[in-house]
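This report introduces a structure to a reader who has not met it before. It begins with strand pairing and then turns to the contact between chains.

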Amino acid sequence: LKPVHLSTCVWGRWHLDMLTRVVWPCLLAEGNLPALIRQCSATHRICTTRRDQSMLRELEIFKRISQLVPIEFIDTPTENPEPQFHMDRFVVAMQEARDAGAIFFNVWPDVVFADCTLGNAALAIGTGMAGGLLPSFRVVSETCIADVLETFGKAPEAPISIPAGELVRLGVRHMHPLSATGVANAVHGRPDTGLMFRVRNEGLVSRTSSNWLFVDPQRLEITADGAITTSASDPASFVHIVTDSDDLVFLSLAPLYKELDTFRPHHSNDALDIARLTMLPHVRVSPFIEPLDRVCVRLHYGSMTETRWNPIVESSDAVFRRVRMDRTLIHLWELLKEHGCRQAARLISLAVFTLKLPARLLTGRPLTIFVPNDDAIAALSPGAFDRLIHREGRRDLLNAMLDHVTIADAVAHNERTEYRSANGAPIGIQSGTAQRGAEGSASVLKELRSGAHRICIIDRVLNAGAETPHARRLHRS
Amino acid sequence: MTDLTAEQAVKLSTTALRLSAPLLWRFKLAPWREKAASVFYQAGVERHRRLFLSEIVADLEASGSKGDPSHAARQAGLLHAVDDEARERVARYYEAAIAYLPHFAEPLYNLASLRRDCGRKDEALALFLRAGQARPHSRAKPHALVIANAFWEAATIMVTLDRLEEAEKLFRRALNLNKNFGPDHVRFPRLLQRMGKNVEALDHFELAMTYSHRYAPEFIEPEYLPDELAVRQPDGVLFDPFELNRIEGTEILYWAHLYFRVHRGLPVTSVLQLQKMLMGGPETERRSIRCSQTKGALVT
């Protein structure tokens, strides 16, 4: 049997209360710990204070858990650890699992698991998955615990078995403001890499609100900041990413007033916010951000009416295409600044905030993007650059940008090669400046990569602003 | 809640303070007003938080339908319905804080934000501008940036009123104090574009390309000093400084950050009664009340 470390870091009265009254009874459900240990050799490793160890050992529920799996205690460094310690412990626990040849399993001390979460995770491990990403959202502990115990707790310390659908219903009933601000178009917002979309009467579409339930540290790595990474070319192929709450799901308990100072009044979380957040250094290091943004997770209570879900799924797809496109543009902006193309970078930032760009184009197949260098932009005819950055010049800017993009994987040759831009206009390109063609072709000075896209820095602006929108329409037709 | 207005509360508590130190009260007045203002502000913030969370949950419920579960926090009374009346109940505490200390930036900002949310733009604008000229709490947290935010929000309202040049000046005053307003930073380059200042707009669009957080000053409270901390009940709930509260296990009363002890035989149960005794009653009644800024001074 595959060794598994069920890892928990817990201290303090509130968290111990959650662990012993909710988490452990949920683990006792037939589809959780009993199902897991049929397929894995599990050890429950609890990092806690000495004081809390003594308290836990006295409890009946502790005895019931330890009848199923051996429990090992790990001392916290002090009796009053700093809040940050649980993050540090996550990294260390993962390393310990790696050294022991075990799979790391995150048993948070403040969650409500559905009745078959651990069992289904064990099945995923059995199929060779190196990690499991499952959806969750936060609920108000002050009201949710009483509801859980009253509705599903048959007796103190008895197993709590909550079907996934009922857990989602419970989640909506007790949804924490921290998660409610993560619903699309909410009145207020807060920083979040995910977004949820409501499906009336039936549940929620959740995008990128996922957490690692299990990780095989032999096959996946962890950074000092706790991000899971891999150098594999197709990371999503060996990770189980949940798409339906019937598979794996949990709720995270939090006091009502938690983290109130992180909220942003009157600014709902949108695609650009998510893109910017996922470009922060400690987040972007994860290769799973991009694959996760393509996954639509259905959190539902009861059966799903496809006519209700499909439009919501489609609109969530559109938002997350926009997320991926904005991330691409932010990356391109960074790259161009780094390589001295200041003016082009500035135009890209303008486009991000003012243009409705074709997200399907920029997030579909790999593109070649030609970027005029600063000299090329400086050589534009008088007024041309001003027209591009004018508020009324948005269409010109959009056309100019599309003039510089081709879906061909363009390779610069010494001889002039012609491509078609995304606008349908011809683009003449050649490498080096020595043999510049007379008929308006641009030379590629440098080639860069931005994700799947090829970036060619060129010495001339391609057709920018040369045609009026009217003439361009004629040209297209 | 007592029916006293903010101004009446200030007048009554000043009278009470004079009673507590007939000779020295003038010297004690200014520092005490600061503390009293702080306590009313704290009471306002606590209610403002609840209002804010109530707004979020009300919005969530509005996005569902009858077949969706109703929210338990509202049913349990942890949160409440949101309307202008609810905002007004919170505003009253800020009004009192401002009445005690007219140049206290934080309650001015928070009151402005409530007025804006009620759609009372002109009042909100005047209050944000006042907050921008006012003094933040001496122990305000650096990321609260209440003055910068006050100018920023005033500018935002000016834009909606089409007063673009004034808006620009205010945005610039805000930016002198804080370079980046996070996801809201985009408001400034959009204004610059409207004004034809396209090149400068580019600089600010670029500033908004990377993630930066803008904290809500409404909820970033100062590091209060012990003697200005609002008094809490044993269960952690703040005493309402507008109400006359009895300190559990004692005969001491607490109101407007003052402690009172009333001679036996003269039960006082409301602020109005206290007002009558202190400001309109016979001298004997007035003398039967002891008042202090600290609880300890009344424990005999």
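## Paired strands in chain A

Two strands are said to pair if DSSP finds at least two bridges between them. The model described here is predicted. In chain A, strand 18 (residues 426–431) and strand 19 (residues 442–450) satisfy this rule, pairing in the parallel sense over three bridges. Within this pairing, Gln430(A) has Ser443(A) of strand 19 as its bridge partner.

Strand 19 of chain A is also joined to strand 20 (residues 453–458) of chain A, by six bridges, and these two strands run antiparallel. Leu448(A) is placed opposite Ile455(A), a residue of strand 20 of chain A. Strand 19 and strand 20 of chain A form a hairpin with two residues between the strands, in which Gly451(A) adopts a positive phi near 60°.

## An open sheet in chain B

Chain B contains an open sheet of four strands in the order 1-2-3-4, with antiparallel pairing. Strand 1 (245–246) and strand 4 (289–292) of chain B are the edge strands, each pairing on one side only. Strand 2 (residues 253–255) and strand 3 (residues 258–262) of chain B run antiparallel and are linked by three bridges. Opposite Leu253(B) stands Phe260(B), in strand 3 of chain B.

A helix accompanies this sheet. Helix 1 (residues 6–20) of chain B lies across strand 2, strand 3 and strand 4 of chain B, and runs at about 100° to strand 4 of chain B.

## The interface between the chains

The contact draws 54 residues from chain A and 51 residues from chain B. Between them, chain A and chain B bury about 4600 Å², with 64% of that area on carbon and sulfur atoms.

Charged and polar groups also meet across the interface. Three salt bridges are found between chain A and chain B. A salt bridge joins the side chains of Arg342(A) and Glu206(B), at 2.9 Å from N to O. In addition, 23 residue pairs are in polar contact across the interface of chain A and chain B, both residues being at pLDDT 80 or more.

Several elements of chain A give two or more residues to the side that touches chain B, including helix 7 (141–152), strand 7 (195–199), helix 13 (306–338) and helix 14 (342–354). Helix 14 of chain A gives the most, with nine residues. By class, this side of chain A has 28 nonpolar, 12 polar and 14 charged residues.

Conventions:
Residues numbered from 1 in each chain as written. Chains lettered and ligands numbered in written order. Predicted model: local features only at pLDDT ≥ 70, side-chain atom pairs only at ≥ 80, totals over all residues. Heavy atoms only, no water. Contact = heavy atoms within 4.5 Å. Buried area = accessible area lost by both parts, 1.4 Å probe. Salt bridge = Lys/Arg side-chain N within 4 Å of Asp/Glu carboxyl O. Polar contact = N/O pair within 3.5 Å; in protein donor to acceptor, adjacent residues only side chain to side chain. Nonpolar A, V, L, I, M, F, W, Y, C, P; charged D, E, K, R; others polar. Axes fitted to C-alpha atoms, helices over the stretch in contact; angles between N-to-C directions.
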